[in-house]
Amino acid sequence: MDQHIAGYADQISVLPGATISVMLSCEGIESYTAEMVRIINGDVNPDGPGFKTEPITAIAPITGTARAQTIHAGSFGMVAADSALELPASFSVQAFIWPTTPDKGEQTIIGRFHSGTRRGYRLGIDKAGALAFTVGSRDGDPVTVSTGVPLLAREWYLVGASYNAETRELSLHQLALSQAIPERHTSSATLAADRPAAIETSSEVPLMFAADYVGTVRGNTVGTAHFNGKIERPRLAVRALNFVEMQELAEVMPSSAARSTALAIWDFSVDIPGTTILDVSPNQLNGELIQLPVRGATGANWSGDEMSWRHRPHEYGAIHFHDDDLYDAAWDVDFTVELPANLLSGFYAVRVWHGEVEDYIPFVVKAKKPGQGARLLFVAPTASYLAYANEHMATDGQLTQLLTDKLHLFDNNDLFLAEHREYGSSTYDMHSDGSGVCYSSRLRPILNMRPKYASWLGGNQSSLWQFNADTHIVDWLEANDIDYDVITDEDIHRDGLSALAPYPVVMTGTHPEYISTRMRQSFEEYLNSSGRLIYMGGNGFYWKIAFCDSLPGVMEVRKAENGVRAWAAQPGEYYTAFTGEYSGLWRNSGKTPQQLLGTGFTAQGFDVSSPFYRRPESSDPRVAFMFEGIDDEVLGDFGLIGGGAAGLELDRADPLLGTPAHALVVASSAGHSDVYMVTNDEILVNAPTHTGTTSDLVRADMTFFETTSGGAVFSASSIAFSGSLSHADYDNNISHLVRNVVERFLNPKPFVVP
């Protein structure tokens with residue numbers, strides 16, 4: 001694409017009157033215009049109500065000069081330049097490593113090396129995939145010694161190198177730790193240099209782990225020659241050690257004799273939730289981690305006796321670095337927007353355009369006085385937006401076409417992301433070394449969190465997911481003149497019950513799949529204090545995640561044990577680094593979605609959606625309010641997403657998984673195709689009888705139950721459900737049913753458990 005605009009804001013949720021900063025990168029254009037709009041409906045499908053936004057005329061359009069900004073992806077550790085880092089003429093450097101792509105080219109493990117001047121030193125991997133040690137030279141090219149033995153991927157090694165200034169000898173050692181590895185992979189090499197080394201470098205060059213120093217861009221350090229894999233227990237010594245001495249210094253707790261030789265003893269098992277790397281030597285040459293490499297990772301000494309890093313942190317002294325890690329794009333601000341003090345709560349966006357090229361940068365405006373205007377609260381599932389942010393499943397392989405049983409039509413942003421991997425990945429993607437992506441941040445352009453994104457496949461078929469699908473609900477609320485406020489998952493995680501408590505009714509989005517502990521506790525407390533919850537989606541409250549209190553806008557998930565997942569966490573790495581909590585499915589922690597919502601994820605399929613069929617329970621007087629004015633036995637045999645109200649991902653009631661005994665399943669879907677399959681966490685033994693035409697588990701259960709506090713829960717149990725709301729100009733049985741539920745839930749009359 002010759003022209004493209006991409007941007008992001010510094011905040012996802014703000015109050016009226018706040019100021020947000022907008023960062024842009026523009027390609028192929030010289031100028032841009034920006035305006036602020038309120039988003040009502042992001043679906044451009046002509047069979048639906050149509051794309052709807054409202055300009056915020058109180059904010060004048062902004063024009064600016066376009067520029068391109070670069071993202072420098074790839075994680076590394078950095079100890080800021082300091083005189084204490086200066087080495088004597090003779091020195092040693094060492095670490096444990098677990099390389100994951102040793103054959104990808106030059107990579108740095110540890111060093112203080114300037115990639116431009118080629119001065120300094122570095123222990124790393126050469127172009128042939130072998131361990132190499134390089135020292136700069138005062139005269140000409142650096143001097144390098146290599147073992148010449150390619151390293152094996154995903155095997156632990158102790159590696160070390162030394163330089164003896166008196167003999168000008170470079171020594172290099174690698175010890176393969178696994179007894180199963182052939183002896184040839186344990187190797188040493190020496191080289192006598194023909195000229196003196198120049199290990200000193202300019203005063204601004206930091207010591208770096210997993211990258212070489214390039215320089216600074218916008219005040220941020222930039223690296224190159226990124227290492228893929230784990231690094232553990234790096235050490236610097238003030239003389240040339242032999243390999244036996246290196247092994248002594250490599251101990252978790254080196255002897256006093258070994259410690260006396262050390263300039264720095266970094267221990268990555270200390271403060272695993274943080275981004276500081278600590279030197280436990282008296283010199284305290286502490287550093288910081290850039291672009292969020294993975295902590296809480298098993299080390300070379302992991303025994304398997306404990307699965308949590310909190311119990312034996314010394315066995316989790318490794319950090320897993322990736323050349324495509326990304327936390328913060330760190331772009332310069334192009335402009336700021338001061339929001340009107342009287343702005344209504346809702347979905348908003350900064351629209352930036354030049355000709356036909358545009359981008360929308362969404363955010364949420366919260367209510368200045370929660371609960372004093374609108375009495376219904378819509379929760380934007382921003383943790384789930386992050387989980388799928390910039391996912392590459394469609395362009396990276398055939399999985400999307402296999403799941404949908406149809407060709408995938410790429411959005412322009414899909415193609416852009418396929419070409420620009422530096423924009424980061426989703427938690428459904430793999431890093432370049434094949435490991436799963438467990439962090440996702442909003443401090444970058446998220447090009448699939450946009451109105452219009454992948455919203456019309458032709459005919460009457462919308463293929464909405466996440467943010468854009470949730471605008472179907474917002475549009476319905478607007479069309480029915482129902483006052484509402486909006487907050488985000490991050491708001492609930494930060495503020496707890498106080499974010500929900502002012503509202504008698506809380507409504508979820510279409511796919512609130514990713515939930516932190518604080519969020520789940522807040523919903524439980526809300527329902528225990530007479531709150532009413534309308535669950536408008538499917539596959540909700542499924543994955544247990546963590547937010548980082550010290551780093552804004554990033555979430556973490558470890559895809560542990562089971563569940564529908566694109567990758568599996570390594571054994572021993574099921575606990576989040578941010579909080580030390582066991583991650584994976586909430587049901588594995590004894591907190592099923594059924595306990596809270598009445599239903600939980602049971603099946604998925606992405607070809608055609610089906611209707612709901614009323615069950616005898618729908619005639620129960622307890623739900624008479626729900627079906628007032630509805631005589632139809634078939635509900636939602638129409639819709640913009642697959643042609644029906646039950647589709648994409650489906651939830652079912654199950655007393656064995658915690659559905660309350662008094663819950664009423666008022667309608668269930670049927671007639672799903674064999675593209676729909678039972679989720680693997682529901683299956684003990686795989687069989688050909690777990691598809692839509694063969695298994696009763698493939699269904700969505702529309703469910704209602706009262707709580708003992710006088711509240712209630714209604715669950716739609718389908719992601720596609722919202723796509724049926726606008727059918728026939730909102731005059732249909734799904735729309736009427738939801739309207740009935742909202743009106744009764746807003747009625748303060750207590751519900752009573754039978």
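Reader: What joins the side chains of Thr298 and Lys230?

Author: A polar contact of 2.9 Å joins them, and this value falls within the 3.5 Å allowed for a pair of N or O atoms, one able to donate a hydrogen and the other to accept it, where residues adjacent in sequence count only if both atoms are side-chain atoms. The model is predicted, so local features need pLDDT of at least 70 and side-chain atom pairs pLDDT 80 or more, while totals for chains, interfaces and linings use all residues. Residues are numbered from 1 along each chain as its sequence is written, and side-chain values use heavy atoms, with hydrogens and water left out.

Reader: Why is Thr298 called buried?

Author: Its relative accessible area is 7%, and buried means under 20%, with exposed over 50% and partly exposed in between (1.4 Å probe, protein chains only), so Thr298 counts as buried. Thr298 sits in the loop between β23 (294–297) and β24 (318–321). Apart from neighbours within four places in sequence, the residues in contact with Thr298 (heavy atoms within 4.5 Å) include Trp156, Tyr316 and Pro571.

Reader: What does Arg739 count as at 26% relative accessibility?

Author: Arg739 counts as partly exposed, because 26% lies between the limits for buried and exposed. Arg739 belongs to helix α13, and its side chain makes a polar contact of 2.8 Å with that of Glu743. Once neighbours within four places in sequence are left aside, Arg739 is in contact with Trp476, Asn480 and Ile482. The C-alpha atoms of Arg739 and Met626 are separated by 8.5 Å, although these residues are 113 apart along the chain.

Reader: Which residues touch the most other members of the largest nonpolar core?

Author: They are Phe347, Tyr514, Met626 and Phe745, in a core of 100 residues. Helix α13 (residues 733–746) supplies the largest share of this core, with seven residues. A second, separate core has 51 residues, among them Met78, Leu85, Leu151 and Ala176. The term nonpolar core covers buried Ala, Val, Leu, Ile, Met, Phe, Trp, Tyr and Cys residues joined through side-chain atoms within 4.5 Å.

Reader: What leaves one side of β40 and of β42 without a neighbour in the sheet?

Author: β40 (646–652) and β42 (677–678) stand at the edges, each with a single partner strand, so one side of each has no neighbour in the sheet. The open sheet has three strands in the order β40-β37-β42, with antiparallel pairing. Two strands pair if DSSP finds at least two bridges between them, and because six bridges join β37 (residues 600–610) to β40, that requirement is met. Ser610 stands opposite Ala646 in β40.

Reader: How many bridges join strand β3 to β25?

Author: Four bridges join β3 (residues 19–27) to β25, and the two run antiparallel. Ser21 stands opposite Thr336 in β25. These strands belong to an open sheet in the order β1-β3-β25.

Reader: How do you know that the radius of gyration of the protein chain agrees with that of a compact globule?

Author: The rule, 2.2 Å times the number of residues to the power 0.38, with the radius taken over C-alpha atoms, gives a value near 27 Å for 754 residues, and because the chain has 28 Å, the two agree. The C-alpha trace spans about 95 × 60 × 45 Å along its principal axes. Buried residues make up 62% of the 754 residues.
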